[in-house]
Amino acid sequence: MNKELEHNFVEMLEQHQNIIHKVCRLYTDNYDAHNDLFQEITIQLWKAYPKFRGDSKFSTWMYRVGLNTAITLYRKSKRRIQTQEFENVQFRIKAEEYDDTEEQQLKLLYNAVHELNDIEKALVFLYLEDKDYREISETLGITEVNARVKMNRVKTKLKQILNP
Amino acid sequence: MELLKKDWKKQDNSYPKLSYDEIYKMILKKSSSIVKWIFIISLLEFVFWFVISFALKDTDAMEHYKKFDADAVLIPLAIIGYVILAYFFYLFYRNYRRISATDSAKTLMENILKTRRSVKYYVGFNLFYLVLSTVLFLWLEFDQDTIMINKVNEAAANGEAFKLYAVIILTTIVLLAIVIALLLGFYWLVYGILLKRLNHNYKELKKLEV
């Protein structure tokens, strides 16, 4: 494949890489798995790039391919051993930004999200990214009504996990 | 949820930043997605049945059957086998090409399952073909093999013709069943492991539609 295409792609991806990191954050729980999934999403994006026509935004397209990879295409590699838990390594946020209760609450929330199934995580992810129901329904291939209903159920489920 | 959203946005700067070169290196690496695995395993299946049909062709046993007056049955059987192989391979390839990470999650899953299904039908056909050929060959044995006919006549003289038939047919059935069970067990294991997550997520999405 030609160099220019390669260059454009890598440049765009570098700019928007946060999207992939966020998907990885929801679907993996340690550093190695994060990198592994990141790599697979990057490969899938690159493979699909020739078909990307630019009729949607590059970032919108990334959400779709990223989630598809996480939900469907990705195979967890067994050869990698579990290393340190993520939470306290990569995404440590300065303690002074939070009062204790809020931080505690957030930690519980993130843990609760990790307990959701793959599809529910996808919904939460798109919600957190401020996607409207039309985009959510198109990304997952369900109707808008069903997306709404499911989102409400996910919220209820999260509440239940938090207050059993 | 709102709290979570606020925090989620705050963290935008806390993610690792990969450089241009790091990303560039990634796109040169090989994918290890399940689609690739399904493709490899499916190809192996096609090769497996193809090799088997060729390996059996020139064995002594086949020479033995070629002496019989059975071309009218054996030749069409072979031709049907190859035509169906070609058809399934075309189907498999077409479905494989349709898989695109750019589709919606549901369409993507459906296309993967379709690709998998075309191979499944092919395997099913082969098992059926195996049973059919066995029955045919058994019939040829009884009908045309002089040694076998003599044995049957001898047994009939002793009043044991039924016993002889029963033993041969039962043995064949048991052997066939073992082979089929082994093959099915193998497929079940390989695809079960490979598609567990996909099937689970697909069901989850389907459930939303009821």
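## Domains of chain A

Domain bounds here come from an automatic or database domain assignment. On that basis, chain A splits into domain 1, residues 1–92, and domain 2, residues 93–164. The model is predicted.

The two domains touch. Domain 1 of chain A gives eleven residues to the contact, and domain 2 of chain A gives nine. On the domain 1 side, helix H1 (3–27) and helix H3 (58–73) of chain A are the elements that supply two or more residues. By class, this side of domain 1 of chain A holds seven nonpolar residues and four charged ones. Polar residues are absent from that side.

## A:Asp130

A:Asp130 sits in a loop of chain A, between helix H5 (118–128) and helix H6 (133–140). The backbone stands out there: A:Asp130 has a positive phi of about 65°, yet the residue is not a glycine.

Is A:Asp130 buried or exposed? The cut-off for exposed is 12 or fewer other C-beta atoms within 10 Å. A:Asp130 has 10 C-beta neighbours inside 10 Å, so the residue counts as exposed.

## Confidence

The model scores ipTM 0.76 and pTM 0.77.

Chain B has a mean pLDDT of 83. In chain B, 99% of residues reach 70 or more. Where in chain B is confidence lowest, and where is it highest? The low end is helix H4 (residues 60–66) of chain B, at a mean of 72. The high end is helix H8 (residues 161–207) of chain B, at 88.

Technical notes. Residues are numbered from 1 along each chain as its sequence is written. Chains are lettered from A and ligands numbered from 1 in the order in which they are written. This is a predicted model: local features need pLDDT of at least 70, side-chain atom pairs count only at pLDDT 80 or more; totals for chains, interfaces and linings use all residues. pLDDT is the predictor's confidence in each residue, from 0 to 100. Helices (H or I, at least four residues) and strands (E, at least two) are DSSP runs, numbered from the N terminus. Two residues are in contact if their C-beta atoms, placed from the backbone, lie within 7 Å. Ala, Val, Leu, Ile, Met, Phe, Trp, Tyr, Cys and Pro count as nonpolar, Asp, Glu, Lys and Arg as charged, and the others, Gly among them, as polar. A residue is buried if 20 or more other C-beta atoms lie within 10 Å of its own, exposed if 12 or fewer, and partly exposed in between; C-beta atoms are placed from the backbone.
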